[in-house]
Amino acid sequence: MDKLSALIKKEFLQIIRDPSSIMIAFVMPLMLLLIYMYGINLDTSRIKLGIKFEDTNPELATLMCSFDTSKYVRTGFYTDRENMRKDLIKGKLNGFVVIPNDFISNIQRGKKADVQIVTDGSEVNLSNYVKSYPQSIIRQWLNESAYKYDMQKEPINAQIRYWYNQDINSHHFILPGSLAITMTLIGMLLTTLVIAREWERGTMEALLSTRVNKLEIIISKYIPYFILGMLSMAFNVFICTAVFKIPFRGNYFVLFFVCSLFLFSALGIGLLISSNFKDQFLASQSALSIGFLPALLLSGLTFPINSMPQILQNLTIIVPTRYFVSFIQSEFLAGTVWEIVLTNSVFLFILGVSMALIVYKNLKTRIF
């Protein structure tokens, strides 16, 4: 225990003397959270829409006002279809709507009133918004209109309720999921540079010349950076809940327990990379390639796992971020669901122990 405590103290002193570890644990996640909060938004709330009213009926003045005051569209009114077509081609518009000259008369006669909606199909998600927003605005205008139109009733009256994310705010699931990506980078980068830095500075040779064994070296690398990583996680959760006002419906004890399992596996991957390289630059680049890209693309945060090819679905089984993304999004949005907690905890524990055993077997205690 004396040797182990001395090694742990040495690692803490290196963390204090080396500002890069503090930057990785606190500055880098803050920058990533700011990017995810303000730079990434899946909610298209202001589409550029062109409107042409061929029907000059004065009753359509309220519909024009509905388009003009909607928070979902930025409206430009046109008198010529050709100008709208040119602006759509140039990218000045995301789509345009044409109200035909028989719109009001058809409604008054109880006939089907047609509306032309043209959208740029090169951006699929955006084109879906362009298609649905004008329909919603016109439908709402008809429902609230003071005129008694004989509208054809829709066969289904859907009453929509959103659970867990009532505001339909994409940040409420992006930011919790981004914590998994951030903690992957933090956990791996903190330990990726540790052993490689020892080899570069020549302190590994001095360490191996003592009576310290392999297990003590590994434990002394885990504990300090595990504590630093948990402090970083607490900092990230505080920023999300207190600063960005992301609702948290789960249990903080459960959150940090599962985070400790995830961090255990992430630190193990970083130590495994570090034990195979004696150069910090190569180790850090390998960490970004091996850790960041799979965490971003194969965790289920960016792309649904069940829509991936089968071979990639099988590959995600060994990606720890997959289990942490599933857990942390559920913890923030829905609360503590024990089936999700236990399932992901078991997989994270197995991956963490496996990585620790591989690191122990792979760590070289001989200079040559």
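**Salt bridges, helix 4 and a nonpolar patch**

Glu 11 pairs up with Lys 221 in a salt bridge whose closest N and O atoms sit 2.5 Å apart. Glu 11 belongs to helix 1 (residues 2-17) and Lys 221 to helix 9 (residues 214-243), so this pair ties together parts that are 210 residues apart in sequence. Keep in mind that this is a predicted model. Below is a quick tour of the charged pairs, helix 4 and a nonpolar surface patch.

**The Glu 11 network**

- Both ends of the Glu 11 to Lys 221 bridge are buried, and for Glu 11 the relative accessible area is 0%.
- Glu 11 also makes a salt bridge with Lys 10, with 3.2 Å between the closest N and O atoms.
- Lys 10 is partly exposed, at a relative accessible area of 25%.

**A pair within helix 4**

- Searching the whole structure turns up six salt bridges, and one of them links Arg 85 to Glu 82, with the closest N and O atoms 2.4 Å apart.
- Arg 85 and Glu 82 are both in helix 4, three residues apart, which is about one turn of the helix.
- Each of these two counts as partly exposed: Arg 85 has 39% relative accessibility, and Glu 82 has 33%.
- Back at Glu 11, shared partners join Lys 10, Glu 11 and Lys 221 into one salt-bridge network.

**How helix 4 sits**

- Helix 4 (residues 81-90) has Met 84, Asp 87 and Leu 88 as its buried residues.
- These buried residues span an arc of only 105° around the axis, so they end up on the same side of helix 4.
- The cover over the buried residues of helix 4 includes strand 1 (47-53), strand 3 (95-99) and strand 4 (116-119).
- On the face turned away from the buried side, helix 4 carries the exposed residues Ile 89 and Lys 90.

**The ends of helix 4**

- At the start of helix 4, Asp 80 brings a side-chain oxygen to within 3.2 Å of the backbone nitrogen of Glu 82.
- Just after helix 4 comes Gly 91, with a positive phi of about 90°.

**The nonpolar patch**

- A nonpolar patch on the surface is made up of Ile 311, Leu 312, Leu 315, Ile 317, Ile 318 and Phe 347, and together they have about 550 Å² of accessible area.
- The most comes from helix 12 (residues 310-315), which gives three residues to the patch.
- Leu 312 sits in helix 12 and is partly exposed, with a relative accessible area of 31%.
- Patch members need over 30% relative accessible area, so Leu 312, at 31%, makes the cut.

Notes:
Residues are numbered from 1 along each chain as its sequence is written. This is a predicted model: local features need pLDDT of at least 70, side-chain atom pairs count only at pLDDT 80 or more; totals for chains, interfaces and linings use all residues. Side-chain values use heavy atoms; hydrogens and water are left out. Patches are made of residues with over 30% relative accessible area and no salt bridge: like charges are joined within 9 Å, nonpolar side chains (Val, Leu, Ile, Met, Phe, Trp, Tyr) within 5 Å. Accessible areas come from the Shrake-Rupley method with a 1.4 Å probe; for residues, only the protein chains shown count as cover. A salt bridge is a side-chain nitrogen of Lys or Arg within 4 Å of a carboxyl oxygen of Asp or Glu. Helices (H or I, at least four residues) and strands (E, at least two) are DSSP runs, numbered from the N terminus. Buried means under 20% relative accessible area, exposed over 50%, partly exposed in between (1.4 Å probe, protein chains only). The arc is that of the directions from the helix axis to the C-beta atoms. Contact means heavy atoms within 4.5 Å. A polar contact is a pair of N or O atoms within 3.5 Å; within protein, one must be able to donate a hydrogen and the other to accept it, and residues adjacent in sequence count only if both atoms are side-chain atoms.
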